[in-house]
Amino acid sequence: MSTPTLHDATPNAEAAGLATQENALGEFWYRFSRNRAAVVCLFVVIVVIAAALLAPLISPYDPMSGVGAAQQPPGSPGHLLGTDHLGRDMFSQVIHGARVSLMVGFVVAAFATVLGVLIGALAGYYGGWVDNVLMRVTEFFQTLPRLVLALIIVALFGSGLTKLILVVAILSWPQTARVVRTGFRTLRSAAFVDAARVSGVPSWRIIATEILPNVLAPVVVVASLDVASAILTEASLSFFGLGDPNVVSWGGMLQQAQQYLRSAWWMAVFPGIAIAVLVLTFNVLGDGLNDALNPRLKDKD
Amino acid sequence: MDTSATGLLDVRDLSVAVRSRRGPIGLVDRVSLSIGRGEIVGLVGESGCGKSMTAAAIGRLFPTTAARITGGEVMLEGTGDLTNLSDRQFRKIRGARIGMIFQDPSTYLDPLMTIGRQVGEALQAHGYEGSREDRVAELLAMMGLPDAAQLSTRYPHELSGGQRQRVLIAAALAGEPDLLIADEPSTALDVTVQAEILVLLRELRDDLGLSILMITHDLGVVAQMCDRVYVMYAGRVVEERDVYEIFKDPRHPYTLGLLAGTLSPEVRDQELFAIPGRVPDPRAMPEGCRFHPRCPLAVQECREKEPPKQPLGEGFSACWKYDDPRLPRAWQLAEEHVLPVGFEGIPATSDDEVSEP
Amino acid sequence: MRHSWIPLFALKRLLFAIPLVLGVVIINFLLIQLAPGDPATVLVGDFPVPEEYLDRIRAEYGLDKSIPEQLIAYLGQLFQGNLGVSFSKRQDVLTLLLERMPATLKLTLSAMVLATIVGVLLGVVAAKYRGRAPDTASQVTTLLGFSVPEFWLGQILILLFAVTLGWLPLGGDAPVRGDGDVLFNLDYLVLPAVALSFRYVALIARMTRSSLLEVSSADFVAATRSRGVSESLILRRHTLKNAAPPVITVIGYNFGFILAGSVMVETVFGWPGIGRLLYESITSRDYPVMTAILLIISVTVVLANVLTDIVHALLDPRLERK
Ligand SMILES: Nc1ncnc2c1ncn2[C@@H]1O[C@H](COP(=O)(O)OP(=O)(O)O)[C@@H](O)[C@H]1O
Ligand code: SF4
Ligand SMILES: [Mg+2]
């Protein structure tokens, strides 16, 4: 007879979670929606994505060409947010700028996640020298001054959206690798993993189908934060004049605004607000996802 | 029914609840217990039964700000009801009247402060006037830790588990309290060290006349240490007995289950018995007798009405079936499928057939 | 002796730091090799130089030899302190860097001190009033700190305090012009330091809050309380002391990010430090300056981390065992 013994440390631990596994998605949404700020931010993200996709349709003017008098203040007829030093419509530029930011944010986060999961899974699953080597490399990448390195690489290799995305992604994976490794280390000797191993399931399948699904929660959270920091990095690079010159980007707009701080404050104010709002949104989303996916942490208080 | 005529501590109908989003959750329900001077009293039950919460309520040391006392009183000889004291007044009780020691000695010492300073700090808190250094040495020696001069300069991580527990006891006794609340003081230690700590506590009782509230999940500890014992289940005291009587003639199915799970030397290699099922979640306490979902003797009455305290010698058993002739063999009969386990009639064959409540 | 093990510990940490620095050097080398165009051009910068000079560079760095030999030659040059020459500035790169370093250190260290004071304060208030209005306010500030780009904050500060109110200087060229006394011009320092510190205020506040909350619910705090020690003594002797190491680690380990942030802020304010120099060298494709800056910032980061570990070790006796 095998029954739980008296020494069973926390008989209520599972009961305390009371998670109804059948309806994981409903449970997730219930927890997520309790974080009001996160729900608002989800809404903002959807709106910004829609605006970015529909930019050519909804923006009143071509963002790249002068369509009015230069440096008209916000509220001028036809120019809600005013015009820049070349008479381009600020509102149209801000809408178009969302495209680059979102694209860089999402693609970088996706790349960084795949890379981080791969490295973290290998390190955590195999342990030993594999882990040692991979974690030293991860530490090295975390020590590197990422922004400076990105600036220099783009300056050397030339700007362009693809290169920029690649560079930022290559510098962004360590955090994901770390959380994935931690997850794999705790699960690699779990009973269900041992069972799979004993029954001859190949390692890659254990990694991909047995363990990985169980460590995705923190990965999603980190990915959301990665989007935020990639948007910031892109803005910084563009501010340095290293963005793609053929597209409108908020960072690039701020670079131009720098010379007109005295005469056209709006050139600096609106693109900056756009960056801050979008980055804030993804940061809050990350918090919300964290609350929803790691409920135990929150329930303590 | 109550031996508290000369009681040092007299807890009456103490209830504790935690606030939660869905309203208060009761964790401790009308617990009464008393401790006389120089007495060692056990509080025993599976983990999650509310033993630590009861101790925390007495010592005003809840693990969360959401927890509070919702009823009852804690009478301390010479002071009166502790629940009426302000935090300021209560601080004078801490260490000076009531000392506390805890389960895992490695987390209850400040890792960044030397042993000597931590014990010395407790002395200082009680306005000790003599040489603190000497007194610390004396206290440590009393706990069986010689070479205090050397030990005092050490940090907690440099000590063994047993040494750390001794240091905790020294600090708890620095203010010369009348009562020591010991919450599973030996659980986290090696078996041999466990025994040493228990012996030490007994000696301290004998030498200092200390009263001890011994909290444990292990009836073996109760047998070694205690004069009297309270058995706690799901926030309630279900049986109170003299320690001799409870082993000879237990009168509550839960106590019997705990006893069956306690190692006796001759059955060491057999698989340990454990009561099937689990302690209920405080958010969903069963009606009537809270043990009924796990009890082989449960009848309809158990599910509907809380059993009264049936007096037994100086104690009681809170069970409708306290004098049922099948009681002594209840768990045996359950294992042989003569009796079902639990009111719902769940057979006790194996783990996976015991469904979660 | 309690701390007698520290020198050995420091030495070990420094030894462990060597591969990191070497790694950065190799990255630099790879960048030079892989960048489009002739490595010699990258070593010299995009600047018309006499053919003889190019030949000399090719010889010094062994550019006609195999890649490993080139790496060795490159390392050799670095060991001799040869970081190359900046043609656009007509100056030796090392001299140039040493000249610009004090301004950057002044800015980054001021920002760090400011961020520490404000961040710890915010974190303590948030922890103390957990779940109430001051906590919410502090959390919102923290969130903003993580979200606002420091260079834009710089621009907004200029708009507000320099352009509109006229209280403080614009930054711009003034500090460059007054190279000599820039170290003492506090009014020039205020805005860039504030802009640079905001993100670290957020970081430090968040860490302080969580560290304090964690420690104040630690078992040993409860145990100390059970002995009758007063709350103020518990806070002073136990809670703050135990909450400090993680905060210090966050501060130290993020010094590198402050340096990176200062690249942006110096550019906005025309602050005559390394960051501004990086901007100038990127604009003028002055490659040797760029790679040297990456190296010097990386070394600073590594040193800051080592220093942090040592401070941490001094505070926490448990580290001795490792
Ligand atoms: N910090 C807490 N917040 C909410 N509930 C708690 C907390 N600590 C313990 N509990 C609950 O209180 C009940 C009693 O716990 P406890 O007194 O620690 O049991 P015991 O000491 O008997 O093992 C358990 O159901 C447990 O889940
Ligand atoms: S017999 Fe009834 S009252 Fe007694 S323990 Fe079982 S369920 Fe409770
Ligand atoms: Mg307990």
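Here's a quick briefing on some backbone angles and aromatic ring pairs in this structure. Keep in mind that the model is predicted. Across all chains there are 13 aromatic pairs, and two of them get a closer look below, after a pair of unusual backbone spots.

**Positive phi angles**

- Most residues other than glycine have a negative phi.
- B:R60 isn't a glycine, yet its phi is positive, near 50°. You'll find B:R60 in the loop between α1 (51–59) and β4 (67–76) of chain B, where it is partly exposed at 23% relative accessible area.
- B:E176 also has a positive phi near 50° without being glycine. Look for B:E176 in the loop between α6 (161–173) and β7 (179–183) of chain B; with a relative accessible area of 57%, it counts as exposed.

**Aromatic pairs**

- By the rule used here, the count over all chains is 13 aromatic pairs. One of them joins B:Y254 and B:F291 edge-to-face, with 5.2 Å centre to centre and 65° between the planes.
- That pair links distant parts of the chain, 37 residues apart: B:Y254 sits in helix α10 (residues 253–260) of chain B, and B:F291 in the loop between α10 and α11 (300–304).
- B:Y254 is buried at 0% relative accessible area, and B:F291 is buried at 2%.
- Over in chain C, the ring centres of C:F29 and C:Y74 are 5.8 Å apart and the planes meet at 45°, so this pair is tilted.
- C:F29 belongs to helix α1 (residues 6–34) and C:Y74 to helix α4 (residues 67–79) of chain C, 45 residues apart.
- C:F29 is buried at 5% relative accessibility, and C:Y74 is buried at 8%.

**A ring cluster**

- Ring pairs tie B:Y233, B:Y254, B:F291 and B:W331 together into a cluster.

Definitions and conventions:
Residues are numbered from 1 along each chain as its sequence is written. Chains are lettered from A and ligands numbered from 1 in the order in which they are written. This is a predicted model: local features need pLDDT of at least 70, side-chain atom pairs count only at pLDDT 80 or more; totals for chains, interfaces and linings use all residues. Side-chain values use heavy atoms; hydrogens and water are left out. Helices (H or I, at least four residues) and strands (E, at least two) are DSSP runs, numbered from the N terminus. Buried means under 20% relative accessible area, exposed over 50%, partly exposed in between (1.4 Å probe, protein chains only). Rings of Phe, Tyr and Trp (its six-membered ring) pair if their centres lie within 6.5 Å; planes under 30 degrees apart count as stacked, over 60 as edge-to-face and the rest as tilted.
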